[in-house]
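Student: I should like to go through this structure step by step. May we begin as soon as it is shown?

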Amino acid sequence: MSELSVRKAEPARDKLISSQTIAPSMTSYKLLVKNVIKQADVLLEVVDARFPDETRNSEVESIVSRSGKPFIIVLNKCDLVPREILEKTKNRFSKIAPTVFVSGKDRFGTTMLRHKILEVADIKGRDILIGSLGYPNTGKSTVINGVAGKHKAGTSSISGHTRGVQVVDAGSRLRFLDTPGVIPFKEHDEYLQGLLGVKDSTHIKDHIGVALKIIEKISTENKTALEAFYKVKIEAGTPTYEVLELIGLQCNFLKRKEEVDENRAAVRIINDWQQGKLLVYGPGPY
Ligand SMILES: Nc1nc2c(ncn2[C@@H]2O[C@H](COP(=O)(O)OP(=O)(O)O)[C@@H](O)[C@H]2O)c(=O)[nH]1
Ligand SMILES: [Mg+2]
């Protein structure tokens, strides 16, 4: 198989695995996290640079810091975020742990990450095992494959590791543990699953709740993009629910009695968002 097809195939496979493991019991997730931490020399917390605060997990961070092992925060999907915003997040997160921004997909920043790992690990004369932690779909597998790049020497499931954990040999003494769906979503995280595209609109129960979060996120960062996309005018201070109604009205999604069908509007927004038509920071490149 060519290197390219290996890299492309990975996320799809992982999506399958992670959708099966979305809600393991809290005990099994903590065991998995603890196991990864125990085995690894260095830990990565992979977060989505578009929603860094939402995709951080302070509980996992505190387990990692109690372990005393070196830890790097990886702001992934940086191809979707303007540079100045990335720099601000990086500065903020650097107070917690060394932070780098990368695009696993474009292989941007992956050499920097490689150097950072070698620097924080400070291990000479043997291989360095790196554990990756993060919510499903933040791009853990893509980052690992991006760092491994041309060094990639295949993956293997090794015994002694939890089912589904792959070891990716990235050359130059670096070996990654790729763990599917490490941090499970909680019941109230449905909006996060919607934002990250882990659950599509057919699986989301609270369409309106998720759509309101998407509207909120885009209108804080880039209200003009939302206005242009749905051809609506959003006055400053308009409550998010009214924005949803405006969009429903503009799309002509009406129930009987000329009432806006907010649910249908919400589904449309979720679909547009997940299909990449709505961008938090507008079209790149940045
Ligand atoms: N734009 C962009 N998309 C990415 C990047 N990294 C991952 N993705 C996408 O995010 C989705 C989840 O990636 P995956 O590596 O499977 O995430 P995992 O569940 O954390 O292993 C896939 O659709 C990837 O193509 C990135 O750097 N930029
Ligand atoms: Mg994965």
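Student: Which helices are included in what covers the buried residues of H9?

Tutor: This is a predicted model, in which local features need pLDDT of at least 70 and side-chain atom pairs count only at pLDDT 80 or more, whereas totals for chains, interfaces and linings use all residues. Residues are numbered from 1 along each chain as its sequence is written, and chains are lettered from A and ligands numbered from 1 in the order in which they are written. A residue is buried if 20 or more other C-beta atoms, placed from the backbone, lie within 10 Å of its own, exposed if 12 or fewer, and partly exposed in between; the buried residues of H9 include Val 210, Leu 212, Ile 218 and Tyr 230. Their cover, judged by contacts (C-beta atoms, placed from the backbone, within 7 Å), includes H8 (190–196), H10 and H11.

Student: At which residue does H9 bend?

Tutor: Helices (H or I, at least four residues) and strands (E, at least two) are DSSP runs, numbered from the N terminus. The expected span of a helix is 1.5 Å times one less than its number of residues; for a straight helix of 24 residues that is 34 Å, yet H9 (residues 207–230) spans only 18 Å between its end C-alpha atoms. The bend at a residue is the angle between axes fitted to the seven residues ending there and the seven starting there. In H9 a bend of about 120° is found at Asn 222.

Student: Is Phe 229 buried or partly exposed?

Tutor: Phe 229 belongs to helix H9, and its C-alpha atom lies 9.8 Å from that of Ile 247, 18 residues away in sequence. Because 16 other C-beta atoms lie within 10 Å, Phe 229 is partly exposed.

Student: Is Lys 231, which follows H9, buried or exposed?

Tutor: Lys 231 lies in the loop between H9 and H10. Its phi is near 55°, a positive value in a residue other than glycine. Because Lys 231 has 10 other C-beta atoms within 10 Å, it is exposed.

Student: Is Lys 77 buried or exposed?

Tutor: Lys 77 sits in the loop between strand E2 (71–76) and helix H5 (83–93). Its phi is also positive, near 70°, in a residue other than glycine. Because Lys 77 has 24 C-beta neighbours inside 10 Å, it counts as buried.

Student: How are H10 and H11 placed relative to each other?

Tutor: Axes are lines fitted to C-alpha atoms, for helices over the stretch in contact, and angles run from 0 to 180 degrees between N-to-C directions. H10 (residues 240–250) and H11 (residues 262–274) pack at about 90°, with their axes 9 Å apart. Angles under 35 degrees count as roughly parallel, over 145 as roughly antiparallel, 65 to 115 as roughly perpendicular and the rest as oblique. H10 is therefore roughly perpendicular to H11.

Student: How many nonpolar residues has the contact of H10 with H11?

Tutor: H10 contributes Leu 244, Glu 245, Ile 247 and Gly 248, and H11 contributes Glu 262, Arg 264, Ala 265, Ala 266 and Ile 269. Ala, Val, Leu, Ile, Met, Phe, Trp, Tyr, Cys and Pro count as nonpolar, Asp, Glu, Lys and Arg as charged, and the others, Gly among them, as polar. Three residues of the contact are charged, one is polar and five are nonpolar.

Student: What percentage of the protein chain is buried?

Tutor: The chain has eleven helices and seven strands. Of its 286 residues, the buried ones make up 38%.

Technical notes:
Contact = placed C-beta atoms within 7 Å.
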